[in-house]
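Biologist: I'd like to go through this one with you and hear the reasoning behind the labels. Can you put it up?

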Amino acid sequence: MLANLIISKFIKNHENTKDNKVREQYGILSGITGLVINLILFFIELFIGIFLNSISLIADAFHDLADVSSSVVTLLGFKLSSKPADKEHPFGHGRIEYLSSLLVSAIILLVGFEFIKTSFLRVLSPQPVKFNLISFIIIIIAIPLKVWLSHFNKYLGKKINSTTLLATGADALNDVFILCGVIFSLIVSGVFNVSIDGYVGIIVALIILHSGFSIMKDTLDPLLGQAPSQDLVKSIKSLAMDYDLIIGVHDLVIHNYGPGKSMASFHAEVPYNVPIMTIHDEIDRAEKHISEELNIFTVIHMDPVLTDSREVTETRKEIAKLIKKFPQVSSFHDFRIVGEGDHKKLLFDIVVSFDVKISEGAQNGLCENIDYEIKKIHPNYSTVITVDRDYTK
């Protein structure tokens, strides 16, 4: 496979993708490869576009120039994002990669808007497009180059989990469809002597704009704080639950500081009657293990829970059964019973997914309804219910 051959040739220790230096080399390789291919295609398509008087081909040529700029931004982005943490940025500079991707999308959008305007003017004032067999063949040759470049960038992106490289690969694939549109325009013009160049140019521009908006959305999501991948969530919970003294996990929050640079914090339920130093030692080992295994900085908060109280155990089972009557509640945690005699309180948190749109007033109503159901079973109990959101979905 050509991609693997290139990777092994130019990147030392290429299998160690968790290493920042190796990741940087992947980004640089992608940037240089895209720079060379797109620069060659730019000059070829610009020359042929001017010679054929094809606005759609000139539009794609400048899209290639935008891709050249994108490759330069990718190079700089990976170089800067790999800088180590410092006093001003204690979690590193990983988000620069997202900012570079945002700049790439802005360049693509600028080109798209410019050429949708130019193509619209060509629709209003059609001009003949010259058909030339040699030029036609050269355009066809560009298609497999773009297909390979798309595959190459997507392959690199998957290897290092980079949204920037995946977006660059998707953008290269868009170029394939654009070139197919240009070929269609040339065939129609040559066979039927009908100029559809302006219309094809508009389609080309719309594809460019769609590509730019898609890349911008994919870049803004992690910057705005998107939910983490479910695979990562499951891995963190699974690794935590492997420890004997951790009997439950909740309130998991994951902060993204750039590709491969994340921080996770969660509450671990632990038995209340185990010596605190013993639990502390186990939590320390869990933090270290999860951090090293998943390459993510981990902080765990201990929540002691009663494990030998029959009253707590039985009441918890009753609440678990009762909660199923409320489909908007996915789970509950931090269950406690405080007080003596007839003056006892049930305290617990309920988890509501962000898929459920619920106002503050509706949250209060939900808690009141749950309290009403509990009082049917335990009329002397009062409740303190807190509504939590699930930050992992």
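Biologist: Is the crossing where α10 passes α11 left-handed or right-handed?

Modeller: Right-handed. Keep in mind that this is a predicted model.

Biologist: And what makes α10 oblique to α11?

Modeller: The axes of α10 and α11 cross at roughly 130°. Roughly antiparallel needs an angle over 145, and roughly perpendicular runs from 65 to 115. The crossing angle falls in neither range, so α10 counts as oblique to α11. The two axes come within 11 Å.

Biologist: Which residues make that contact?

Modeller: From α10, Glu 318, Ile 319, Leu 322 and Ile 323; from α11, Ile 370, Glu 373, Ile 374 and Ile 377. By class, the contact of α10 with α11 has 6 nonpolar, no polar and 2 charged residues.

Biologist: Now the other helix pair. Why are α4 and α7 called roughly antiparallel?

Modeller: The axes of α4 (residues 96-124) and α7 (residues 197-224) cross at roughly 160°. Anything over 145 counts as roughly antiparallel, so the label fits α4 and α7. Their axes come within 8 Å, and the crossing is left-handed. The contact of α4 with α7 has 24 nonpolar, 9 polar and 2 charged residues.

Biologist: How do you know that Phe 266 is buried?

Modeller: Its relative accessible area is 1%. Buried means under 20%, so Phe 266 qualifies. Phe 266 is in strand β2 (residues 262-271).

Biologist: What does Phe 266 touch, leaving out residues up to four places away in sequence?

Modeller: Its contacts include Ile 236, Val 249, Leu 252, Ile 290 and Val 299. Phe 266 and Val 299 are 33 residues apart in sequence, yet 6.8 Å apart in space, C-alpha to C-alpha.

Biologist: Which residues have the most contacts inside the largest nonpolar core?

Modeller: Ile 319, Phe 335, Leu 346, Phe 348, Ile 350, Leu 366 and Ile 370, in a core of 21 residues. At least two core residues come from each of α10 (310-323), β4 (329-340), β5 (343-352), α11 (360-377) and β6 (381-389). There's also a second, separate core of 19 residues, with Leu 239, Ala 264, Ala 286 and Ile 290 among them.

Biologist: Back to Leu 366: what does that residue touch, again not counting residues up to four places away?

Modeller: Leu 366 touches Phe 326, Gln 328, Val 329, Ile 350, Val 352 and Ile 358.

Terms used. Residues are numbered from 1 along each chain as its sequence is written. This is a predicted model: local features need pLDDT of at least 70, side-chain atom pairs count only at pLDDT 80 or more; totals for chains, interfaces and linings use all residues. Side-chain values use heavy atoms; hydrogens and water are left out. A nonpolar core is a set of buried Ala, Val, Leu, Ile, Met, Phe, Trp, Tyr and Cys residues joined through side-chain atoms within 4.5 Å. Buried means under 20% relative accessible area, exposed over 50%, partly exposed in between (1.4 Å probe, protein chains only). Helices (H or I, at least four residues) and strands (E, at least two) are DSSP runs, numbered from the N terminus. Contact means heavy atoms within 4.5 Å. Axes are lines fitted to C-alpha atoms, for helices over the stretch in contact, and angles run from 0 to 180 degrees between N-to-C directions. Angles under 35 degrees count as roughly parallel, over 145 as roughly antiparallel, 65 to 115 as roughly perpendicular and the rest as oblique. A crossing is left-handed if the near helix is turned anticlockwise from the far one by less than a right angle, and right-handed if clockwise. Ala, Val, Leu, Ile, Met, Phe, Trp, Tyr, Cys and Pro count as nonpolar, Asp, Glu, Lys and Arg as charged, and the others, Gly among them, as polar.
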